Amino acid sequence: MKALQLVAQGQPGTFKLNNLPDPQPGPGEVVVRVRACGLNHLDLWLESAGLPIPVPLPRTPGGEVAGEISLVGDEVAGWKPGDRVAAQSNLFCGECEFCRRGDESICIKGELLGVSRNGGFAENVVVPARALVKLPSGLDFNTSAALTLAGSTAMHMLTNRTQVTPGDWVLVMGGASGVGSAAIQIAKQLGARVISTGSTESKRHLARQLGAQAVVDSTVDDWPAEVRQLTGKRGVDLVIEHIGGDVFTKCFDCLARGGTIVTCGATAGREVRLNLWPLFVKQQRLIGSYGRTRADIQATLDWAAIGKINPVIDSTYPLADAPAAFAKLRSRSVLGKILILPN
Ligand SMILES: [Zn+2]
């Protein structure tokens, strides 16, 4: 099979499109013929050695897999060749304290598909059967691959790590990103009044199209002042944050008394200065969110199947052009998701 392998990390990294032996499933595993696989910032971190874990090379990236099962290993029940599936990229043991209570993304033995083991930028990928989610009938592979990781991350933030009450003000950072474009739609469906941010007019236009009632220009230094003005100086109840750095700090200037910031990423910087005074005086909450559960994926795909959430697909690339897709995502000029189509 053809597989895109990262052979040297860097910015850009060095990739090779190689012919490898077809993979075989071990006990409890299946082989998925990949029909589409979303590209994410996680892949850029892998490429540039930006993850705080060592990664043996060569490695095939790609965690946002949609495809059909082609082979089923021993000890797999309930799945057969031809089943249309998505994969939970936060691989989990299913047995530890955290898995048993339903928090599979913080599994003590957790691994990342496409980082700790080879991912979906290949014609075939081996996945533990316990990580599979069945695609709703009628849902196409591109839609699944555009929502399985980023979209369900937003679902996890808005319905698992926090809750939204109808009428709440929700600020979605980076509304044109994979997480942001899904978060706007999910928050809107939950009855929220959504404000978003964007660094270009085309990104702000997309965020408005997706349902944000106001979108502020994040290149203006005091953009939080506009958010406060939009909410009658009150501030927002919830911030969906994934950018980090100075942006994260400014989110506190947008937050109402009793409000919550939930963060799932830090593409602009992981170390920030935090003033604890307003955090406790205003009884605010800061919540971490990592990955998703299979229930979040199922909910996201079910919503997509009935049109409650739509994928935003910037572009698709054949496997051979995947390095160009990495460069495009790094350029920060992407509206929604980039997909790699190996088959
Ligand atoms: Zn576990």
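How exposed is alanine 49: buried, partly exposed or exposed? Keep that residue in mind, as the tour comes back to alanine 49 at its last stop.

**Before you start**

You are looking at a predicted model, in which local features need pLDDT of at least 70 and side-chain atom pairs count only at pLDDT 80 or more, while totals for chains, interfaces and linings use all residues. Residues are numbered from 1 along each chain as its sequence is written, and side-chain values use heavy atoms, with hydrogens and water left out.

Helix and strand labels follow DSSP runs numbered from the N terminus (H or I of at least four residues for helices, E of at least two for strands).

**Stop 1: the zinc ion**

Select the zinc ion and show the side chains around it. Its donors are the SG atoms of Cys93, Cys96, Cys99 and Cys107, at 2.3 to 2.4 Å. Donors here are N, O and S atoms within 2.8 Å of the metal (3.2 Å for Na, K and Ca); water is not among the atoms, so sites may look incomplete.

Why is the arrangement called tetrahedral? The 4 donor atoms subtend angles of 102 to 117 degrees around the zinc ion, and four donors count as tetrahedral if all angles lie between 85 and 135 degrees.

Along the sequence, the spacing of the donor residues reads C-x2-C-x2-C-x7-C. Cysteine 93 and cysteine 107 link distant parts of the chain, 14 residues apart: cysteine 93 sits in the loop between strand S6 (90-91) and helix H2 (97-100), and cysteine 107 in the loop between H2 and S7. Cysteine 93 is buried, with a relative accessible area of 12%, and cysteine 107 is buried too, at 9%. (Buried means under 20% relative accessible area, exposed over 50%, and partly exposed in between, with a 1.4 Å probe and protein chains only.)

**Stop 2: strand S10 and its partners**

Now select residues 169-172, which form strand S10. Which residues cover its two faces? Trp169 and Leu171 lie on one side, Val170 and Val172 on the other, and all are buried.

Add residues 193-198, strand S11, which pairs with S10 in the parallel sense over 4 bridges. Two strands pair if DSSP finds at least two bridges between them. Click on valine 170 to find its bridge partner in S11, valine 194.

Next, show strand S13 (residues 236-241), which pairs with S10 in the parallel sense over 3 bridges. Here valine 170 stands opposite leucine 238.

Finally, switch on helix H5 (residues 178-189): together with S10 and S11 it makes a right-handed β-α-β unit. To check the hand, turn the strands to point away from you; a crossover is right-handed if the path from the first strand over the helix to the second runs clockwise.

**Stop 3: salt bridges**

How many salt bridges does the structure hold? There are 14, each being a side-chain nitrogen of Lys or Arg within 4 Å of a carboxyl oxygen of Asp or Glu.

Try glutamate 29 and arginine 117, whose side chains meet at 3.0 Å, N to O. This pair links distant parts of the chain, 88 residues apart: glutamate 29 is in strand S3 (residues 29-39), and arginine 117 is in the loop between strand S7 (111-112) and strand S8 (124-128). Glutamate 29 is buried, at 17% relative accessibility.

For another one, select arginine 101 and aspartate 103, which meet at 2.7 Å, N to O. Arginine 101 is exposed at 52%, whereas aspartate 103 is partly exposed at 22%.

Then move to aspartate 314 and lysine 328, with their closest N and O atoms 2.8 Å apart. Aspartate 314 belongs to strand S16 (residues 313-318) and lysine 328 to helix H11 (residues 322-330), 14 residues apart. Both are partly exposed: aspartate 314 at 22% and lysine 328 at 26%.

Select Glu201, Arg204, Arg208 and Asp217 together as well, since salt bridges that share partners join them into one network.

**Stop 4: backbone details**

Zoom in on the bond between glutamine 11 and proline 12: this is a cis peptide bond, with omega about 10 degrees. Proline 12 is in the loop between strand S1 (2-8) and strand S2 (14-19). Another cis peptide bond joins leucine 57 and proline 58, with omega about 0 degrees.

Proline 58 lies in the loop between helix H1 (41-47) and strand S4 (64-72), and alanine 49 is found in the loop between H1 and S4. Although not a glycine, alanine 49 has a positive phi of about 60 degrees. As for the opening question, alanine 49 is partly exposed, with a relative accessible area of 45%.

Technical notes:
Tetrahedral: all angles 85-135°; square planar, octahedral: opposite > 155°, others 65-115°.
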